[in-house]
Amino acid sequence: IPMTRVKAENAFAASDYFSTVFELIASSSGVNMEDLTGTELEAAETELFRKAIAASIAMGLWLGDTSGSYKSGYTAFDGILKLITERSADDLNEKVTNLSTQLEQKSVVELFDQIIEAASPRMRGLYGEGQTALFVSSGIYRLYEKWLDENHSAAAYTDIQTGRQTLMYHGFPLVEVNLEPSISSSTFSKEFIIFTDRRNIVLAVNTADTPGSEVRMWYNPDEMENRQRAVFSIGVELLDDALTSVYIDEQ
């Protein structure tokens, strides 16, 4: 897995500190706002920083593009959509199909059937391990929900009333990959269906063995800011193209 050294930074101005860090502390039970220890403040800052890094990594996992060709805004490392788009003419060959054209001719469930039927024998051999899933864009997820709602059965009526916790198709879970609003400003395909084993999509993060790795928090008196910085290595890889079937829009 190719690794890239990245840096994450954050800063809280004095005017924002109480509405961010202190708000997180106040929402915790058993906290005395008149006796805040340094440990509680540090834990609150660390939690906010951790969430910000996690959200950025989650977007980069799918929208990362070091070349800038797709204008995703996440340029530290290449993500899954970049890897799939680059390999569409080579390793994945005919597995990448124009999604918008297909949707004009067929229903979303017909596309699910097609993409499952196109799976390689090696892929089918992994079904029993329970890790195979359909990774879909939010638009495809909504289309499938609409298709389910239009099937006027007692189960569909109940689902319309109470909602659905998870969506499945023939035993395969649908994983909604919500990349809004970032994907709207990129040139990546806005809609996609990726059928693969969960273990085939790998995100590697190394915070210990990379030269120059650090996690620091300090106060800058000149700017009156509490600052945070993390330096670490990260990489994304689609390990085996033979275990992947894809429908995306042509660019």
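Mentor: Before we start, buried means under 20% relative accessible area, exposed means over 50%, and partly exposed is in between (1.4 Å probe, protein chains only). This is a predicted model, where local features need pLDDT of at least 70 and side-chain atom pairs count only at pLDDT 80 or more, while totals for chains, interfaces and linings use all residues. Residues are numbered from 1 along each chain as its sequence is written, and side-chain values use heavy atoms, with hydrogens and water left out.

Trainee: Okay, what share of the 251 residues is buried?
Mentor: Start with the layout: the protein has 8 helices and 10 strands. Those are DSSP runs numbered from the N terminus (helices H or I, at least four residues; strands E, at least two). Out of the 251 residues, the buried share is 41%.

Trainee: Which element gives the largest share of the largest nonpolar core?
Mentor: A nonpolar core is a set of buried Ala, Val, Leu, Ile, Met, Phe, Trp, Tyr and Cys residues joined through side-chain atoms within 4.5 Å. This one has 31 residues, and W62, I80 and F192 are among those that touch the most other members. Elements giving two or more residues include β1 (4-13), α3 (80-87) and β9 (225-238). The largest share, 7 residues, comes from α2.

Trainee: How many residues are in the second, separate core?
Mentor: Look for F112, A119, V136 and L167, which are included in that core. Its residue count is 24.

Trainee: Is W62 buried or exposed?
Mentor: W62 has 7% relative accessibility. Because that value is under the 20% limit, W62 counts as buried.

Trainee: And how far apart in sequence are W62 and F192, which form an aromatic pair?
Mentor: Rings of Phe, Tyr and Trp (its six-membered ring) pair if their centres lie within 6.5 Å; planes under 30 degrees apart are stacked, over 60 edge-to-face, the rest tilted. W62 and F192 are stacked, at 6.0 Å centre to centre with 20° between the planes. W62 sits in helix α2 and F192 in strand β6, so the pair links distant parts of the chain, and their separation in residues is 130.

Trainee: What kind of aromatic pair do F172 and F195 form?
Mentor: F172 lies in strand β5 (residues 172-177) and F195 in strand β6, so the pair ties together parts 23 residues apart in sequence. F172 is buried at 10%, and F195 is buried at 0%. With 5.2 Å centre to centre and 80° between the planes, the pair is edge-to-face.

Trainee: Which residue lies over the face of W218?
Mentor: A charge sits over a ring if NZ of Lys or CZ of Arg is within 6 Å of the ring centre and within 35 degrees of the ring normal. Here the distance from the ring centre is 4.5 Å, and the residue is R216.

Trainee: Within what arc do the buried residues of α5 fall?
Mentor: Helix α5 covers residues 108-117, and its buried residues are V108, V109, L111, F112, I115 and I116. The arc is that of the directions from the helix axis to the C-beta atoms. These residues line one face of the helix, because seen down the axis they fall within 155°.

Trainee: Last one: how far apart are the C-alpha atoms of T101 and I248?
Mentor: T101 lies in helix α4 (residues 99-105) and counts as partly exposed at 33% relative accessibility. T101 and I248 are 147 residues apart along the chain, and their C-alpha atoms are separated by 9.9 Å.
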